[in-house]
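Thanks for making the time. I have one structure to go through today, so let me put it on the screen.

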Amino acid sequence: MKQRQLIRVAWFAPLLAVTIGDCDKKADAEKAQASVMAAPASAVPVAATAASDPAATRDAEDRDRIARGKYLVTVGGCHDCHTPKTGMGPRGPELDKSRLLSGHRADEKVARAPKSEGSWMVSATSSLTAWSGPWGTSYAANLTPDADTGLGKWTVDQFKQALRTGKHLGGPGSREIFPPMPWFNYAEMTDADLEAVFAYLRSIPPVSNAVPSPVPNVKGP
Ligand code: HEC
């Protein structure tokens, strides 16, 4: 809307100048010319004006940040553990695209993990969302923007702190984030990249899914 108005002014300005050029009274012409010259700030380069429109710039930046975040979530393997699966396909467990990144399904009850034998140490369910190992049992968190069961109420700083320090909810006094969440790898991301991941997670559809809390191995790892 704003841009259309600007284009109209820009198109109109030269006509005004031509009309003024034909004017008999020189003084009037000069005065009018001066006012035309004063107008160009908004009238002249339409492209430059649109680019400096703060709202348009912000929208473009948000789009870029979300696209970068989507890329990082994909190559960072977040779906492997945080997206439930529909079943086994030729390339392994297939993502349930209707529940992207919504964590271990609350309605998927899992039996006790099998006992480890020999050098076998870790078990995972077929959806790769529930894990059992020397630390106990852990369930991949809901990363969608759902306010009650996902990251909806998290701040970007909390998110960055959680991935940088390995503390649940990013809080200094809270529990450790359990394996196999490889937060220490993601801790190496730049601020801009962590912010992009958070922006992407904010942009996906919220899924209400209350993931169970981890159950620590009381005997210790
Ligand atoms: C190998 C499996 C695995 C991968 C890969 C993985 N996660 Fe996790 N993640 C988990 C598990 C399991 C939990 C739950 C841990 C717990 O409850 O302490 C978790 C928890 C989290 C939490 C919640 C932390 C908290 O404060 O409770 C966030 C945020 C998170 N993951 C983000 C990510 C992002 C972003 C990626 C990809 C860049 C990712 N995870 C990749 C398994 C994984």
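I will start with the chain as a whole, then take the helices, the sheet and the ligand in turn.

Please keep in mind that this is a predicted model. The protein chain has 9 helices and 6 strands. It holds 221 residues, of which 23% count as buried. As for how the chain folds back on itself, take the contacts between residues at least 6 apart in sequence: 61% of them join residues at least 24 apart.

Now the helices, beginning with α9. Helix α9 covers residues 191–203, which is 13 residues. From first C-alpha to last it reaches 18 Å, close to the 18 Å expected at 1.5 Å a residue. Its buried residues are L194, A196, V197, F198, A199, Y200, L201 and R202. What do those buried residues pack against? They pack against two helices, α5 at 54–75 and α7 at 156–165.

One position in α9 that I want to pick out is E195. Is E195 buried, exposed or partly exposed? The cut-off for buried is 20 or more other C-beta atoms within 10 Å. E195 has 18 C-beta neighbours inside 10 Å, so it counts as partly exposed. Apart from neighbours within four places in sequence, E195 is in contact with R65 and V156. The C-alpha atoms of E195 and F159 are 8.5 Å apart, with their positions 36 residues apart along the chain.

F159 brings us to α7. The buried residues of α7 are F159, A162 and L163. Looking down the axis of α7, these buried residues fall within an arc of 90 degrees, so they line one face of the helix. The general background is that an α-helix has 3.6 residues a turn, so residues three or four places apart point the same way. The buried residues of α7 pack against α9 and also against α8, at 183–186. After α7 comes G166, with a positive phi near 70 degrees.

Next, the sheet. Four strands make up an open sheet in the order β3-β4-β5-β6, with antiparallel pairing. Which strands stand at the edges? They are β3 and β6, the latter at 215–216; each has a single partner strand, so one side of each is left without a neighbour in the sheet.

Going through the pairs in order, β3 (residues 123–124) and β4 (residues 130–133) are antiparallel, over 2 bridges. Here A124 has W131 in β4 as its bridge partner. The hairpin of β3 and β4 has 5 residues between the strands, and within it L128 takes a positive phi near 60 degrees.

β4 then pairs with β5, residues 136–139, again in the antiparallel sense and over 4 bridges. The hairpin joining β4 to β5 runs through 2 residues. Across this pair, A130 stands opposite Y139, and G133 stands opposite G136.

The last pair is β5 and β6, which run antiparallel and are joined by 2 bridges. G136 turns up again here, standing opposite P216 in β6. So G136 in β5 faces G133 and also P216.

That leaves the ligand. There are 23 residues around the ligand, and G76, C78, C81, F178 and M181 come nearest. Which helix gives the most to this shell? It is α6, residues 78–82, with 4 residues. By type, the shell divides into 17 nonpolar residues, 5 polar and 1 charged.

To recap, the buried residues of α9 pack against α5 and α7, the four-strand sheet is open and antiparallel, and the ligand shell counts 17 nonpolar residues. I will leave the model on the screen for discussion.

How values were computed:
Residues are numbered from 1 along each chain as its sequence is written. This is a predicted model: local features need pLDDT of at least 70, side-chain atom pairs count only at pLDDT 80 or more; totals for chains, interfaces and linings use all residues. A residue is near a molecule or strand if its C-beta atom, placed from the backbone, lies within 6 Å of it. Ala, Val, Leu, Ile, Met, Phe, Trp, Tyr, Cys and Pro count as nonpolar, Asp, Glu, Lys and Arg as charged, and the others, Gly among them, as polar. The expected span of a helix is 1.5 Å times one less than its number of residues. A residue is buried if 20 or more other C-beta atoms lie within 10 Å of its own, exposed if 12 or fewer, and partly exposed in between; C-beta atoms are placed from the backbone. Two residues are in contact if their C-beta atoms, placed from the backbone, lie within 7 Å. The arc is that of the directions from the helix axis to the C-beta atoms. Two strands pair if DSSP finds at least two bridges between them.
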